[in-house]
Amino acid sequence: MAHVLRQVTEDLILIAMGGRRVLAQADCPHRGGRLLFSHVNERTLRISCPLHLSSFDIVDGKVASGPACDPLRIHAVLPEEGELP
Ligand code: FES
């Protein structure tokens, strides 16, 4: 299962995998790591920051592990097809 991770705006990234598309904040809530360069685990549905390896649930943004205290802001969960807002 392949995933897509791309910058949509300065503040937003798109994470697409397994029929799910999520718009999330582009900078890690810990210390601003650029999540465009993160690791996406398609099995656990988590994204891991490249700086200090905090991982976040892609569906609800909750911190799953690592030093981050604040959740990742999820701006939208979109259907598989259709235009980005
Ligand atoms: S900046 Fe992302 S975990 Fe520290």
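In this predicted model, Leu35 touches a varied set of residues beyond its sequence neighbours, namely Leu5, Ile13, Gln25, Ala26, Asp27, Cys28, Ile47, Cys49, Pro50 and Leu72. Leu35 also belongs to the largest nonpolar core, which holds 16 residues. Within this core, Leu35 is one of the members that touch the most others, together with Ile13, Ile15, Val40, Ile47 and Ile58. At least two core residues come from each of strand S2 (12–17) and strand S3 (20–25), and S2 gives the most, with three. As a general backdrop, nonpolar side chains in soluble globular proteins tend to be buried together.

Turning to the sheet, four strands are arranged in the order S4-S5-S6-S7, forming an open sheet with antiparallel pairing. Strand S4 (39–41) and strand S7 (63–65) form the edges, each pairing on one side only. From one strand to the next, the twist averages 30°. Three bridges join S5 and S6 in the antiparallel sense, and Ser48 has Ser55 in S6 as its bridge partner.

The loop between strand S5 (46–48) and strand S6 (55–57) contains Ser54. Is this serine buried or exposed? With a relative accessible area of 1%, Ser54 falls under the 20% cut-off and is therefore buried. Leaving aside residues up to four places away in sequence, Ser54 touches Ile47, Ser48, Cys49, Ser65, Gly66, Pro67 and Ala68. For Ala68, the backbone nitrogen lies 2.9 Å from a polar atom of the Ser54 side chain. Ile47 and Cys49 are also touched by Leu35.

Notes:
Residues are numbered from 1 along each chain as its sequence is written. This is a predicted model: local features need pLDDT of at least 70, side-chain atom pairs count only at pLDDT 80 or more; totals for chains, interfaces and linings use all residues. Side-chain values use heavy atoms; hydrogens and water are left out. Buried means under 20% relative accessible area, exposed over 50%, partly exposed in between (1.4 Å probe, protein chains only). A polar contact is a pair of N or O atoms within 3.5 Å; within protein, one must be able to donate a hydrogen and the other to accept it, and residues adjacent in sequence count only if both atoms are side-chain atoms. Contact means heavy atoms within 4.5 Å. Two strands pair if DSSP finds at least two bridges between them. Axes are lines fitted to C-alpha atoms, for helices over the stretch in contact, and angles run from 0 to 180 degrees between N-to-C directions. A nonpolar core is a set of buried Ala, Val, Leu, Ile, Met, Phe, Trp, Tyr and Cys residues joined through side-chain atoms within 4.5 Å.
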